[in-house]
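Here are some notes for anyone opening this one for the first time. Have the viewer ready and follow along point by point.

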Amino acid sequence: MKLKKQVTVCGGAIFCVAVFSLYLMLDRVQHDPARRQNGGGNFPRSQISVLQNRIEQLEQLLEENHQIISHIKDSVLELTDTGAVSPSGQLPFRSANGSWVLPFDGRPTFLSVKPQDCQFAQGRRGQTDLQMLDVYSLLKFDNVDGGVWKQGFEITYEPGEWDREPLQVFVVPHSHNDPGWIKTFDKYYTDQTQHIFNNMLVKLTEDPRRKFIWSEISYFAKWWESADMHKQEAMRKLILGGQLEMVTGGWVMSDEANVHYFAMIDQLIEGHQWLEKNVGVTPRSGWAVDPFGHSATMPYLLKRANLTSMLIQRVHYSIKKHFASSRSLEFMWRQAWDQKSGTDIFCHMMPFYSYDVPHTCGPDPKICCQFDFKRLPGGRVNCPWKVPPRAVVEANVAERAHLLLDQYRKKSKLFRSKVVLVPLGDDFRYDKALEWDQQYLNYQRLFDYMNSHPEMHVQAQFGTLTEYFTAVYKANNVPQGARPPDYPVLSGDFFAYADREDHYWSGYYTSRPFYKSMDRVLESHLRGAEILFSLAVAHARHTGMEGRYPTSDYTLLTDARRTVALFQHHDAITGTAKENVVIDYGNRLLHSLQGLKRVIINAAHFLVMKNKDVYRFYQTEPFLETDDRRATQDSLPQRTLIELDQSGPRYLVLFNPVEQDRLCVVTVLVNSARVRVLTEDGQTLPVQLSAHGYLMGIASFMVRLPALGLAVFHLYDSADTPMTLRSETLLRLSGRGQTAHAVDPLPLRSQTADPQPFYTSTQSLTLGFSGTTGLLESIRRKDDPQELKVQIQFVTYGTRSSKDKSGAYLFLPDGKAKPYSQKEPPVVRVVEGPLFSEVVAFYQHFQQTIRIHNVPGVDGLSLDVTTMVDIREQSNKELAMRLVTDIQNDDTFYTDLNGFQMQPRRRFLKLPLQANFYPIASQAYIQDSQHRLTLHSAQALGATSLESGQLEVILDRRLMQDDNRGLGQGLKDNKKTANRFRLLLESRSTGNKVSQSRVLRWKLLELPVVDSGPTSFPSLLSHLTSAILNHEVIALPVLPKKRGIPPLHTFAPFTGALPCDFHVINLRSIQHQQDTHSPSPYTALILHRKGLDCGLETPNPGFNCTTTEGQLGLSSLFRNLDLQLLQPVSLSLMYSSPPMANDSSVSLEPMEISAFRLKLR
C-alpha cells in the first residue's frame, strides 16, 4: 500500500508540474517584452529572423519542460520498474528478476540543461593556421641527416640582409635548477643553488649591463628565508631594476603531461603570491625549457595569469624542423575550443636539440660549444666536438665575433623578425664565481667589438626574456602580447616528445604510478581542506569566535600547498628521479597529507557543532578521527576501524568534496556484523554488510550529502533490522585443491568455475564476465536492448634487446604487447547485495575489482574499477589493461590534457608504436555514431588506442636499466599500487530533433550550418563521474568522549544549488600580508565552467541539476555568511579589477576559468 501511495503522489506531481510548466511557458511567451514586435505587413528578413528566434525560444521551453518531466518520471520508475511489491512490506527487497529494490528517498530530481549551454560544443571555432593534428598528418617523420644541424637543414643567408635593419641579439644567461632529480631538493640547494644566488648578488652588481633570469621560486624562497635584510634588499633592487627577471614565477617549472590543472594553478599561485608579498614583482613571460612535451593547458593558464609571452623547448625534432622551415617557430597559441582569439598568447619555440649552450647560439653545436666559456681548457667540463673554447682577447676578438655572428644570423633566419634570442646556460650553472667571470667578461668583449663595428650590422647585449619579447613586439609595431602581422596562429599540443631517432618520451606518463596516485589523493585533500578551512574561518568570524578557532592551521595549508607544488616538478610527478629522491618526495607527500587531515578534522569539528557556544578546541584531544592511515610513505592506506558497542551510538561525519549534492554508497570498517545506520533525523538507512578479515565487517550504506558539505550519521551495534542485509559471496574456484572458508556469520559459497559467462546487475547496469578469466566481457545499460562487448584484457610489453632500452623516460617496446598469462586459473570472488555487487579476479601480479552501485544517479551509472598491481617479481615488463569493444572509432581517440580539456588523437601507422601513446591525467575515450566509452582515471598514466574498438592504459613499468637521459638508474623500486578507474558507457541521443529542425531552418534562411572543428567535450554525466572518482567522500568518525558528544548537525554551505556545469576549483584563504602564519580576511574563489557535449543521453544524475548560461549569483550563495567584497582578479591573484557590486552575478563562458577575491564574514 505504501508503495502504491508513493507512486500515486509522484504521478500527481508529474501532472501538476507539466500543467504548471506549460502555463508558465505560455505566460513567458505572452508577456516577455523582448519577444513582442511592433509593426506588421510584410515579413522582411529581419522579421523572419525574429520569428526564427521565437520558434527557437518556444522549442527551448518545451525541451526544458520535457526534460524536467522525464526526469521526475525516471525518479518514479526507478522505484516501480520491477513491478514488484515487497511481500512483507519491508524494503529493501529482491524482486522476481533478481535486482534489489531500495527505499525511495522521496526527493524526485530533475535535469534541466539549457539548449544555449549545449551550443558551445557545436560552435564555430576561430581559424588557426597550424592545427597540430593536421601537422602530424602532413609530416613524414623521416629523420633525414641535416648536416651540422643533424635534425634540421643547412641555413644560408645573403650578407646584406641586415644592412637596413641591424640584427638585435639578446643573450639571456640562465641556470636550470631541478627541485630534485639526481639529488634531493635540499641537497641541491646546499651543494649548488645557494651559491648561485650568492654569486648572483655580487656579480650582477659589478656591471649594470649584466642580466639573468630565474624560474624556480621554491629555491628562491628558500634562499630568501636564510638571507639577511641587506642581501634581500640587494636582490630586490636587482629584480626591480630589471637585471634579474623572474620568469613564469611558479613554485617549480611544472611538468605538463601528468599534472592536473588544479595543481598547475596552485603551484603558479604559490609562486606568484610569494613574489608579490616578498619582492613586489609580477612575472610577464613564461619559460619552460625542460618539461618533456608541452600541453595546450599551460598557455591558457599563463594567459589567465596575465602573462603576455612564453617559451617552450622540448618538442619533437621533426616538428621543430617543419616549423623552422616555414619560419613558424613563433606563433600565437590559441585554445582549440576558442571561438575568437581571447586565449591567444605569443609563444617562442626554441629550434634546436637542447637548451644547453652548444644548442642555443645557432645550428652548429661544434661552434656554439666554443662559446660556452665554462668549458675553457683546465675546467671539469669540455666540448664533445673536440674543439675547446678560447678566451676572448684583443688578438682573436675579430675572428671570434665573426664566427659567432654567423651562427646568430643563421639562427635568426628561422624567425620572422630581425631579433634573435640566445639563451646562455644549462643545469645548475653559475654556482662558481669563476663561471660568472668566464661567461660575462668574454661575452662583453664580443658584444663591445660587434657593437663598435657598424659594418657588422648587429646590436648584441645581455638581456632578459621579457626584453627579447618586447624587442620583437617593437620590431613589428604591435603592443606587448599582441599578434604581430602575418605570424601564424596555432592550436593543439606537443605530445609525444622525441629528442632523436624513435626515442619517444612516452614511458614517463606511467613511471612510478604509486606516487602519481598519491599526488592526486593529496591534491583532493588540499582542495577539501582549503574549502573547509575558508568556510570555518568565515563562520567563526561571523559568530565572533575567530579567537577560539585554530587559525594557525593555515601553516599546515601552506606546507601542503608547497609540497603539492614541489611534486609538480618535471622530475617528480613524472617518476624520473633517483630512488632516494623519490623517497624524499614520498615523505613530504605523507607529512602534508597527515597535516591536511588535521585541517579537515578541525574545520569539520567547528562546522558540525549545533551550538557553537560549547565549541572547544584542544590540540591534544581531536574531536574526529581520520578516515584512513598510511604507515609509511610507500604503503597503501588502511581504513580506520570504527568500534561499536552496546553503550550507545558512534557518530560519523561525512564530507562531500564535490560542489553538487551527492547520492552515493559510503563504506566504513566496523568491528561488528550487526550494524544499524541512522541519519541525523533518525531515519534508518539500508546497510549492506560484507566480511573483512576476522571479527570485522565492511558496512556500506546509501547517503545523500550536501554540496561541499558535512552530514552526520549514527552507527549502532544492534540486533538485525530489515534494513541491514548481508552480502552474498560466491568463490569461483578452479577445483584444483582450492577450498573456501566462511567468516561466520557472513555467508560464503564456493563452486567450481565453468567457462560459461556469468552476470551481475543493478537497476541501471548488467555486466557480463568471462567464466574462465573472471574479467569483464560486456555491459548492458537498462535503456539499451542489446549488450555491448566491453572486454578487459591484460597484456605485457617487453623492451628491446638492442642497446637502447626502455627506462624511466623512454618507452622502447620489443614489438606488440603479448597477452598476460599465468599457469593457474584465477580465483574469482563474486559479491552481491542490495547496494553494490562486485567481481574480484585474483591473478599473480594483479587483482581487479569491478564494482557497480545500485543507487540512482551518477554513482550507479558507471563501473568502479580498481586494479591492484604488484610487478616486483617481473623484469623489463610493462603491464597494460586493454579494453576491446565493438565501437568503430577507426584510428581516432581522445585523451584529456591535465583534466582540463580533451584532445583528439589519431593513431598513425607511419609512427612507431610508442609514438601513439599519450598522457591521460583524468580520462580517455573512444566513440562512434552510437556509443562513447570513457575510461576515467584517478591517476596520471599513459594511454592509447592501437586498433579500432580498443582503448588501453599502462598500469606499471619495471625496467632494469637506465635509458641514457641522465638519471643513471632503471625503475626497480616498484610498489604495490592501486590504480583506480571509472568506466562509463554512454549512448548517443537518438535523433536530436531540435537540432535537426534548426539545421533545416538555417538552410532555408541561408544561414551557415555550424561546424565543430578539432574539439571534443565530455558529457555532463562524464564530468560528474570524474568528480566523484577524484574527490571521494571522506568519512570522519567522532571519537568517543567521557563527557558525551554535544549535539551535531549537517553543515550545508550553499543556500541553493550551483549550476551543474560549474566546478569550484578552489576556495583558497589568502595569506596575511604581515603574519604569514595566519589567513587574511580575504578568500580566492576559483571557478571553471565546463564545456559540455549534450549529444549523449543524460540519465537522471540523482540531484537537481540545472545550467544557467554561465550566470552565478554569489551574494546570497553562502548560507549564513555576508559577502562584503566581490572583486575579479587574475588567475594567480596578482592583478585586480575594480570590485563588483556585492549583489552582482558573475558570468563565465564555457571552458573559462576565473578567479575572484571575496570577503566573507
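The points below go from confidence to a sheet, a loop residue, a helix and a strand with several partners.

1. Start with confidence, as this is a predicted model. The protein has a mean pLDDT of 90, with 88% of its residues at 70 or more. Residues 1-5 are a weak spot: their pLDDT is below 50, and beyond near neighbours in sequence the stretch has three contacts in the model. Residues 15-45 also stay under 50 in pLDDT, and for them the model has 29 contacts beyond four places in sequence. I'd read both stretches with that in mind.

2. Next, have a look at the open sheet of five strands, ordered β17-β19-β23-β22-β25, with mixed pairing. At its edges sit β17 (641-642) and β25 (724-726), each of which pairs on one side only. Further in, β22 (residues 687-691) runs antiparallel to β23 (residues 697-705), and five bridges link the two. One pair to click on is Ala691 with its bridge partner in β23, Gly697.

3. Is Asp344 buried or exposed? It's in a loop, the one between β10 (330-333) and β11 (345-349). Still, its relative accessible area is 7%, which is under the 20% cut-off, so Asp344 counts as buried. Leaving aside residues up to four places away in sequence, Asp344 touches Lys303, Met332, Trp333, Arg334 and Asp338.

4. Helix α17 (residues 579-608) gives us a quick sanity check. It has 30 residues, so at 1.5 Å a residue it should span 44 Å; the C-alpha atoms at its ends are 43 Å apart, which agrees. Most of α17 is covered too, with 21 of its 30 residues buried.

5. Which strands does β31 pair with? Begin with β30 (residues 776-781), antiparallel to β31 over two bridges. A hairpin of six residues connects β30 to β31, and Ser778 has Lys789 in β31 as its bridge partner. Then there's β37 (residues 877-885), also antiparallel, which eight bridges join to β31; here Phe794 is matched with Met881 in β37. Strand β32 (residues 818-819) is antiparallel to β31 as well, with two bridges, and the bridge partner of Thr796 in β32 is Lys818.

6. One last thing on β31 (residues 788-797): this strand is mostly covered, as eight of its ten residues are buried. While you're there, keep in mind that side chains in a regular strand alternate between the two faces of the sheet.

Conventions: Residues are numbered from 1 along each chain as its sequence is written. This is a predicted model: local features need pLDDT of at least 70, side-chain atom pairs count only at pLDDT 80 or more; totals for chains, interfaces and linings use all residues. Side-chain values use heavy atoms; hydrogens and water are left out. pLDDT is the predictor's confidence in each residue, from 0 to 100. Contact means heavy atoms within 4.5 Å. Two strands pair if DSSP finds at least two bridges between them. Helices (H or I, at least four residues) and strands (E, at least two) are DSSP runs, numbered from the N terminus. Buried means under 20% relative accessible area, exposed over 50%, partly exposed in between (1.4 Å probe, protein chains only). The expected span of a helix is 1.5 Å times one less than its number of residues.
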